[in-house]
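The report below describes one protein chain, beginning with a pair of charged side chains and widening from there to the chain as a whole. Please read it beside the sequence and the coordinates.

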Amino acid sequence: PPPPPQFEEAVTTKVIKQQNAQTVFMERNVTLINSDTAIIQAKAGADAEVTRGTKEAQARVMVEQATADGIKIVQSSEAQALSELATELGLSTDQLLAYKKARLVRALGSQDSVIVGFESEELNTDAA
């Protein structure tokens, strides 16, 4: 004899519930995978930004160090040249400073004034 309709309905309901449970489980897995993927992408993006920022900072430090080294070399060369000039011409410190001031005034051209400071003393001379 065929099964009673309530039995078929109960079996159908049970199968539908199992399929729904399996669907919910699979959707949950997809959601978890999507969440994990989003976390991994966010972490990779953050790591990339940190690396980029670090490398940019290192590059700026290298540029600034090279600039400072260049200035140091120029200043050292100028000091050596002035020392040799003073020795060769027998210039006193005051004469050497007057020479340096004259070069500065000439280099500034149309500037209104030149301010030269030595320790706590300050001289202000008109360039014109």
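In this predicted model, the side chains of arginine 52 and glutamate 56 meet in a salt bridge, with 2.7 Å from N to O; the term stands for a side-chain nitrogen of Lys or Arg within 4 Å of a carboxyl oxygen of Asp or Glu. Arginine 52 and glutamate 56 are four residues apart in helix H1, and so are separated by about one helical turn. Salt bridges that share partners join Glu49, Arg52 and Glu56 into one network. The other link in this network is the salt bridge between arginine 52 and glutamate 49, also at 2.7 Å from N to O, and these two residues lie three apart in helix H1, again about one turn of the helix. An α-helix has 3.6 residues a turn, so residues three or four places apart point the same way. Side chains of opposite charge can pair when their charged atoms come close.

A search of the whole structure finds three salt bridges. Besides those of the network, aspartate 47 and lysine 43 meet in a salt bridge at 3.0 Å, N to O, and both of these residues lie in helix H1, four residues apart. The table gives the accessibility of the residues that take part, where buried means under 20% relative accessible area, exposed over 50%, and partly exposed in between (1.4 Å probe, protein chains only).

| Residue | Relative accessible area | Class |
|---|---|---|
| Lysine 43 | 53% | exposed |
| Aspartate 47 | 38% | partly exposed |
| Glutamate 49 | 45% | partly exposed |
| Arginine 52 | 41% | partly exposed |
| Glutamate 56 | 36% | partly exposed |

Residues are numbered from 1 along each chain as its sequence is written, and side-chain values use heavy atoms, with hydrogens and water left out. Local features need pLDDT of at least 70 and side-chain atom pairs count only at pLDDT 80 or more, whereas totals for chains, interfaces and linings use all residues.

Helix H1 also carries phenylalanine 7, which is partly exposed at a relative accessible area of 49%. Phe7, Val11 and Val15 form a nonpolar patch on the surface, with about 250 Å² of accessible area together; a patch is made of residues with over 30% relative accessible area and no salt bridge, like charges being joined within 9 Å and nonpolar side chains (Val, Leu, Ile, Met, Phe, Trp, Tyr) within 5 Å.

The secondary structure of the chain comes to two helices and two strands, which run α-α-β-β from the N terminus on; helices (H or I, at least four residues) and strands (E, at least two) are DSSP runs, numbered from the N terminus. Helix H2, residues 93–108, has 16 residues and reaches 22 Å from its first C-alpha to its last, close to the 22 Å expected at 1.5 Å a residue, that expected span being 1.5 Å times one less than the number of residues. Glycine 109 follows H2 and has a positive phi, near 65°.

Buried residues make up 5% of the 128 residues in the chain. The chain exposes about 10900 Å², 60% of it supplied by carbon and sulfur atoms, with areas taken from the Shrake-Rupley method with a 1.4 Å probe. Of the contacts (heavy atoms within 4.5 Å) with a separation of 6 or more, 3% are between residues 24 or more positions apart.

The mean pLDDT, the predictor's confidence in each residue from 0 to 100, is 87 for the chain, and 85% of the residues reach 70 or more. Among the elements, helix H1 (residues 5–89) has the highest mean, 95, and strand S2 (residues 121–126) the lowest, 50. Where pLDDT is low, the predicted coordinates should not be read in detail.
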